[in-house]
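Student: I should like a close look at one charged side chain and at the parts of the fold that surround its partners. Please take the answer through in one connected account.

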Amino acid sequence: MANNDRIYEAYMGEMGEKFRQQTIERMDWILQQVGDRETVLDIGCSQGIASILCAQQGAKVTGIEIQKENCDFANELLHREYSAISDRVRFINQDFMNYNEKEKYDALILTEVLEHLENAEEFLRYAEQFLKEDGLLVITVPFSFCDHPDHVYTFYLGSLVELVGKVFTVSSVFYGGKWLGCVAGKTGQSIDLNKAAFAEEETAFLELHRELDARITELAASLENVNRRYKESCEAYDRVKDWYSSEQKKTEELTDNYNRLKGWHESSLKKIELLQQQTDQLKTVIRDREEKLSGSRDAYERLKQWRENDQNKLIDLVKAEHQQMLVMQKAKRTIQKQQTEIQLLHAENESYKQKLSVIYNTWYGKLAMKCYNFLKKIKRRLTK
């Protein structure tokens with residue numbers, strides 16, 4: 001009983017506004033049929049929205065769903081957004097054909113289920129044991145042909161009444177546009193498929209045909225629009241094709257330029273590598289020269305110190321030499337003065353010599369010299 005129905009998403013409008021309106025109308029019809037019945041068994045409850053709505057209406061509901069993903073979604077939805085009624089709803093992840101509780105319900109719901117079942121009659125007979133004698137069976141199925149891959153039954157008025165009538169008494173049918181509703185029970189009189197019933201079905205078909213005609217008109221307009229856009233697309237394709245050819249040529253030129261640039265780049269990389277090697281060598285030379293320069297700087301500092309020291313010594317020597325020169329100049333002046341005095345003394349001595357000679361050569365001079373010499377000898381003797 002696999003069922004891929006995403007009823008809650010459709011009910012909330014996540015599958016389109018039109019589908020949302022149809023789903024709301026279907027849920028409202030189901031709720032009207034269930035009315036104020038106290039217990040409800042929702043068979044194939046999908047994502048649980050019908051069960052929750054029935055609980056909001058006051059019923060105590062059990063929902064059975066064969067797909068675990070849908071059942072988990074229903075439980076999560078119930079506790080997240082409808083926690084106020086969570087005590088009146090329970091969801092069971094189980095194949096209904098294995099459901100064997102003894103409780104009987106006031107209403108059974110089969111919404112969008114029968115069309116998926118190959119053993120629909122057997123399914124209905126199994127469901128019959130869970131309905132009270134005065135209980136109500138509410139069924140909805142797609143009306144007319146539907147090419148859904150999960151559908152094994154196509155229902156019209158006669159086929160639905162015939163199938164359900166094998167197990168239950170069909171009390172009424174309802175045409176909801178693209179879906180067909182059926183109300184049945186264990187007792188009462190089955191509806192008569194008379195001329196009026198089929199006329200009602202024809203009216204339903206007419207509405208479907210009108211809808212299909214409108215849809216066909218809409219699709220024709222869409223097709224015309226699509227053809228126009230296709231033509232525009234073809235023209236655009238031709239322009240793009242021409243542009244592509246032009247761009248392809250440019251691409252080839254760019255590829256050639258790229259290859260040339262790539263060769264230049266590789267050559268540049270080699271040159272850069274060579275320059276890097278030369279740079280490393282220069283760095284080594286500079287480092288050596290810096291080391292030598294550092295030694296030269298030390299030597300320069302020592303030389304500078306020596307120069308300063310020698311300069312100071314030179315200054316001292318110059319000062320000493322200057323002092324010596326001053327002394328020499330003074331001595332030279334003194335010598336010159338003494339030479340002048342010597343010359344004067346010499347001249348004076350010559351004058352004395354002349355005068356002495358005059359005296360010495362006379363008799364009294366000679367007598368005086370003898371007296372002088374004699375006195376010198378006496379003085380020496382006395383000294384001894």
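Student: What is the relative accessibility of K166, and does K166 count as buried, partly exposed or exposed?

Tutor: The model is a predicted one, and what follows should be read in that light. K166 has a relative accessibility of 43% and counts as partly exposed, since this class lies between the 20% limit for buried residues and the 50% limit for exposed ones.

The side chain of K166 meets that of E121 in a salt bridge, with 3.6 Å from N to O. This pair links distant parts of the chain, because K166 sits in the loop between α6 and β6 whereas E121 belongs to helix α5, 45 residues away. E121 is itself partly exposed, at 28% relative accessibility. A further partner of E121 is R125, whose closest N atom lies 3.1 Å from an O atom of E121. R125 and E121 are four residues apart in helix α5, so about one helical turn separates them. R125 is partly exposed as well, with a relative accessible area of 44%. E121 thus takes part in one salt bridge within helix α5 and in another that reaches the loop between α6 and β6.

The general principle is simple: side chains of opposite charge can pair when their charged atoms come close. The model contains 12 salt bridges. One of them joins D106 and K132, at 3.0 Å from N to O. D106 lies in strand β4 and K132 in strand β5, so this pair ties together parts that are 26 residues apart in sequence. Their burial differs in class: D106 is buried, at 14% relative accessible area, whereas K132 is partly exposed, at 29%.

The elements that carry these charged residues also supply nonpolar ones. The largest nonpolar core has 36 residues, of which F96, L114, L137 and V164 touch the most other members. Among the elements that give two or more residues to this core are β4 (105-111), α5 (120-128), β5 (131-142), α6 (157-165) and β6 (169-175). Helix α5, home of E121 and R125, is therefore also a contributor to the core. The same applies to β4 and β5, the strands that hold D106 and K132. A second core, separate from this one, contains 33 residues, including Y8, I52, L78 and L136. Such grouping fits a broad tendency: in soluble globular proteins, nonpolar side chains tend to be buried together.

V164 offers a detailed view of the largest core. Apart from neighbours within four places in sequence, V164 is in contact with L124, L137, I139, V170, C182 and A184.

The loop between β4 and α5 holds E112, which has a positive phi of about 60 degrees although it is not a glycine. E112 counts as buried, at 11% relative accessibility. S46 likewise has a positive phi without being a glycine, here of about 55 degrees. S46 is located in the loop between β1 and α3 (49-56) and is buried, with a relative accessible area of 2%.

Helix α2 gives a further point of reference. This helix covers residues 17-34, 18 residues in number, and spans 26 Å from its first C-alpha to its last, close to the expected 26 Å. Its buried residues are T23, I24, R26, M27, W29, I30, L31 and V34. T23 has a relative accessible area of 1% and, leaving aside neighbours within four places in sequence, is in contact with I7, A10 and Y11. After α2 comes G35, with a positive phi near 60 degrees.

Finally, the chain as a whole puts these local views in context. The secondary structure comes to eight helices and seven strands. The radius of gyration is 70 Å, well over the 21 Å that the globule rule gives for 384 residues, so the chain is more spread out than a compact globule. Along the principal axes, its C-alpha atoms fill a box of roughly 220 × 65 × 30 Å. Buried residues make up 28% of the 384. The accessible surface is about 26,600 Å², with 54% belonging to carbon and sulfur atoms.

Technical notes:
Residues are numbered from 1 along each chain as its sequence is written. This is a predicted model: local features need pLDDT of at least 70, side-chain atom pairs count only at pLDDT 80 or more; totals for chains, interfaces and linings use all residues. Side-chain values use heavy atoms; hydrogens and water are left out. A nonpolar core is a set of buried Ala, Val, Leu, Ile, Met, Phe, Trp, Tyr and Cys residues joined through side-chain atoms within 4.5 Å. Buried means under 20% relative accessible area, exposed over 50%, partly exposed in between (1.4 Å probe, protein chains only). Contact means heavy atoms within 4.5 Å. The expected span of a helix is 1.5 Å times one less than its number of residues. The radius of gyration is taken over C-alpha atoms; the globule rule is 2.2 Å times the number of residues to the power 0.38. Accessible areas come from the Shrake-Rupley method with a 1.4 Å probe; for residues, only the protein chains shown count as cover. A salt bridge is a side-chain nitrogen of Lys or Arg within 4 Å of a carboxyl oxygen of Asp or Glu.
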